[in-house]
Structures are given as structure tokens and as C-alpha cells.
Amino acid sequence: MKFLLIILALFVLSCAGTKKDVEKNVAGGTSEETNTLASSNVVPVVGRDGHNVTAVAFNNPNSYISSMEHGEKFSAAVAFDISVWLKIDSLPQKSGTPHNLIGKFSDASAIVPSEFSLAIVNGACGTEEAAFAFFFEDGSSNVDCGQALLSNKTIQAGKWIYVQAKWDGRYLTLYQDGVAVAKEERISAAMPYSRLPVYLGKSQVHFAIDGISFNTEAL
């Protein structure tokens with residue numbers, strides 16, 4: 001039960017609609033909300049405060065948490081804000097493949113996200129060292145390096161880092177520890193409609209997550 005509550009506490013979602021504001025805290029969620037969560041091979045660990053077990057660790061490619069409920073909230077969104085504390089236990093070796101941390105996927109076995117992904121790249125997209133990247137497909141093309149927003153700041157392994165990805169309908173901005181590390185114009189009426197789940201994990205990176213929140217503004 002304690003482990004389940006830790007998983008649920010990771011998902012704090014606030015959705016602001018054009019007609020009304022709705023806030024959901026899944027840590028105290030309904031059975032309908034909790035039934036939309038699935039997990040595999042994740043381990044509860046001490047969080048960023050250094051004392052309490054508030055985080056979960058993803059230690060192999062089969063480690064993941066997924067939520068259909070939260071995935072649907074991004075459909076037809078005209079703006080979003082993803083914020084999370086991350087601790088990367090070991091930086092990945094150079095590879096042409098991004099390593100997903102948080103993303104929407106079309107298939108549980110897929111390695112490339114379908115709509116967005118906060119990821120780590122090292123060698124992919126022309127990077128020379130490990131860096132955070134945010135891949136964002138706005139309905140005009142497939143997710144690829146041309147759709148990636150790359151951080152200009154290095155990653156320190158073993159340290160808690162606060163990462164945010166914000167899209168206001170015009171600009172996509174990536175923040176690292178409160179500092180904007182990348183920004184590009186990404187004009188779109190809304191994100192594509194889909195019922196794909198949001199996945200945490202599904203990568204070769206060993207990392208931990210604490211204090212994640214999603215905020216979306218829908219049509």
C-alpha cells in the first residue's frame with residue numbers, strides 16, 4: 001500500500017480549461033484514477049529531501065510507470081507545463097537513440113515517443129555529451145531531432161535536478177534548475193488528439209523521479 005501511494009503521489013495534475021479550472025491530486029485520487037496507473041520494476045527510494053521515501057527509481061529498460069488518464073489530458077492541449085525533480089544515477093553511453101524519462105508513446109514496446117518526450121541524449125541529435133532534450137510533435141511531423149529542444153547545460157550525475165518544459169502555444173522553453181536553457185518558437189493551435197498513455201521510464205538510463213506535476217490548458 002505504501003509503495004502504491006508513492007507511485008500515485010508522483011502524479012499531481014492540474015488542468016486549466018477555457019470554461020473552468022479543474023485540479024486533481026491523484027495521491028488522494030478515486031479508484032477510477034488509480035486504475036489508470038500501471039507500473040513495472042520501479043523501486044521506492046529516498047527523495048530529494050534526503051530523508052523520506054518520496055521518489056521512485058527506474059533501474060532497467062523494463063522499468064516504467066504509465067497512466068492513460070494523464071495521457072488523455074494532453075490531447076488537444078493549447079499549453080502545458082511539465083515539471084519534475086530528476087536524479088540521474090549514471091549518464092548513458094553515446095548512442096543515436098534518445099533515452100526517455102517522461103513521454104507519450106503509441107506502443108508499450110516503442111523506443112521513440114509519438115507526441116512528446118523529456119529525454120536524455122548523448123550522441124543523438126548532434127550532442128557531444130549527455131544533455132536534457134524535449135521532443136515535441138505538434139501534429140505537423142514525426143518526433144525526431146528536428147523537433148528537439150536541446151539543453152545547453154550539462155547534467156551532473158547523482159544530483160537532484162529540477163527540470164521544466166513549458167509550452168504557451170507559441171514558445172517552447174526548457175528550464176534546468178530554474179534557468180532557461182533552450183527556447184524555440186513552436187506555434188500550433190493545439191496538440192494532436194490521442195488517447196496514448198504517458199510513460200515514465202522505458203529507457204536505458206538509471207534514474208529517479210520525485211515531485212512530478214503536469215499542468216495543461218485544453219481547448
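With a relative accessibility of 42%, Glu185 falls in the partly exposed class. In this predicted model, the residue pairs up with Arg170 in a salt bridge whose closest N and O atoms sit 2.9 Å apart. Arg170 belongs to the loop between β12 (160–167) and β13 (171–176), while Glu185 is part of strand β14, so the bridge ties together parts 15 residues apart in sequence. Arg170 is partly exposed too, at 43% relative accessible area.

That bridge has company: the structure holds 8 salt bridges. Another of them brings together the side chains of Glu72 and Arg195, at 3.0 Å from N to O. Here the partners come from parts of the chain that are 123 residues apart, because Glu72 is in helix α3 (residues 68–73) and Arg195 is in the loop that runs between β14 (179–185) and β15 (198–201). As for accessibility, Glu72 comes out as partly exposed at 29%, whereas Arg195 reaches 54% and counts as exposed.

A further salt bridge joins the side chains of Lys94 and Glu128, with an N to O distance of 3.4 Å. This one goes from loop to loop: Lys94 is found between β7 (77–90) and β8 (99–104), Glu128 between β9 (116–121) and β10 (131–136), and the two residues are 34 apart in the chain. Lys94 has a relative accessible area of 52%, which puts it over the 50% cut-off, so it is classed as exposed. Glu128 is exposed as well, at 61%.

Now for a buried site. Ser151 sits in the loop between β11 (148–150) and β12, and its relative accessibility is just 10%; the limit for buried is 20%, so Ser151 counts as buried. What does the side chain of Ser151 have for polar company? One partner is the side chain of Gln176, joined to that of Ser151 by a polar contact of 2.9 Å. On the backbone side, the nitrogen of Lys153 lies 3.1 Å from a polar atom of the Ser151 side chain.

Gln176 turns up again in the wider surroundings of Ser151. Once neighbours within four places in sequence are set aside, Ser151 is in contact with Ala131, Phe132, Leu174, Gln176 and Val181. Strand β10 covers residues 131–136, and β13 covers 171–176. For β14, the range is 179–185. To recap the two kinds of site, Ser151 is buried at 10%, while Glu128, one of the salt-bridge partners, is exposed at 61%.

How values were computed
Residues numbered from 1 in each chain as written. Predicted model: local features only at pLDDT ≥ 70, side-chain atom pairs only at ≥ 80, totals over all residues. Heavy atoms only, no water. Salt bridge = Lys/Arg side-chain N within 4 Å of Asp/Glu carboxyl O. Helix = DSSP H or I, 4+ residues; strand = E, 2+ residues; numbered from the N terminus. Buried < 20%, exposed > 50% of the residue type's maximum accessible area, 1.4 Å probe, protein only. Polar contact = N/O pair within 3.5 Å; in protein donor to acceptor, adjacent residues only side chain to side chain. Contact = heavy atoms within 4.5 Å.
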